[in-house]
Amino acid sequence: DYSCTLTGSLKRHMRTHTGEKPYKCSACDYSCTTIKGFKYHLGTHTGEKPYKCGECDYSCTSSGNMKQHLRTHTGEKPYKCSECDYSSTVTGSLKVHMRTHTGEKPYKCSECDYSCTATGSLKSHMRTHTGEKPYKCGECDYSCTCSGYIKQHMRTHSGEKPYKCGECDYSCTLSGSLGRHMRTHTGGKPYKCSACDYSCTTITGFKYHLGTHTGEKPYKCSECDYSCRLSGYLKTHMRTHTGEKP
């Protein structure tokens, strides 16, 4: 039931049915349906980044990427969640976020039963199997599996707390921590149980609550038959085996 006002738009749309890809790269076997996509691809060969930011030294190959980047300067977050107060600069981030409400975890590990909402999370998880920790701190011997963790870790050295509350003097190192804190002002409890009238402010608390219905205890001790609902409880329990004193 697709319809449009321009013949060119209809022609492009028809390629989704025919599979036709008239724009072919002479440097590789890439082909695509639109001239816009083709121009973007050519930049991967030439290295050309014609779109340049007027606020910093960022440059990119497409106007769409530049539009997204400029939001890091303006603070604009046009994509808003209908279930909670989350908003983002790109549609992809909102799509991933919505899975925290639906529970959908389409990306699954081939080595264990881990699943997650985003490809990047799965890639980081796979390093727990390979042992790879490519991101290393220049100040200490800390290393980790993903770039986000190293960025967060560096704030323990710099003392930077870039996320600040607009209602009080609270500040923190993580955007997620600020989001949770803001709910102490708004009273928002976006995580709602479908089996009872329970609701809460954090996904961790929500997962813990669900275990009261299912009886599931996914965190299991490798030394004995202890199991529990939260990773923090397992970490505390493991000290009974290691003798570690926090």
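## Exercises on three helices

In this predicted model, helix α3 is followed by Gly 75, a residue whose phi is positive, near 80°.

**Exercise 1.** Work out what span the twelve residues of helix α3 should have at 1.5 Å a residue, and compare it with how far apart the end C-alpha atoms are.

*Solution.* Begin with the helix itself, which runs over residues 63-74. The expected span is 1.5 Å times one less than the number of residues, and for the twelve residues of α3 this gives 16 Å. The end C-alpha atoms of α3 are 16 Å apart, which agrees with the expected value.

**Exercise 2.** Find which residues of α3 are buried, and state which strands they pack against.

*Solution.* A residue counts as buried when its relative accessible area is under 20%, and in α3 the buried residues are Met 66, His 69 and Arg 71. Looking next at their surroundings, these buried residues of α3 pack against β3 (51-52), β4 (59-60) and β5 (79-80).

**Exercise 3.** Decide whether Thr 236 is buried, partly exposed or exposed, and do likewise for Met 14.

*Solution.* Partly exposed lies between the limits of 20% and 50% relative accessible area. Thr 236, which is found in helix α9 (residues 231-242), has 45% relative accessibility and therefore counts as partly exposed. Met 14, found in helix α1 (residues 7-18), has a relative accessible area of 38%, so Met 14 is partly exposed.

**Exercise 4.** Name the residues that form a nonpolar surface patch with Met 14, and give their accessible area together.

*Solution.* The patch is formed by Tyr 2, Leu 10 and Met 14, which together have about 270 Å² of accessible area.

Terms used
Residues are numbered from 1 along each chain as its sequence is written. This is a predicted model: local features need pLDDT of at least 70, side-chain atom pairs count only at pLDDT 80 or more; totals for chains, interfaces and linings use all residues. Side-chain values use heavy atoms; hydrogens and water are left out. Helices (H or I, at least four residues) and strands (E, at least two) are DSSP runs, numbered from the N terminus. Buried means under 20% relative accessible area, exposed over 50%, partly exposed in between (1.4 Å probe, protein chains only). Contact means heavy atoms within 4.5 Å. Patches are made of residues with over 30% relative accessible area and no salt bridge: like charges are joined within 9 Å, nonpolar side chains (Val, Leu, Ile, Met, Phe, Trp, Tyr) within 5 Å. Accessible areas come from the Shrake-Rupley method with a 1.4 Å probe; for residues, only the protein chains shown count as cover. A salt bridge is a side-chain nitrogen of Lys or Arg within 4 Å of a carboxyl oxygen of Asp or Glu.
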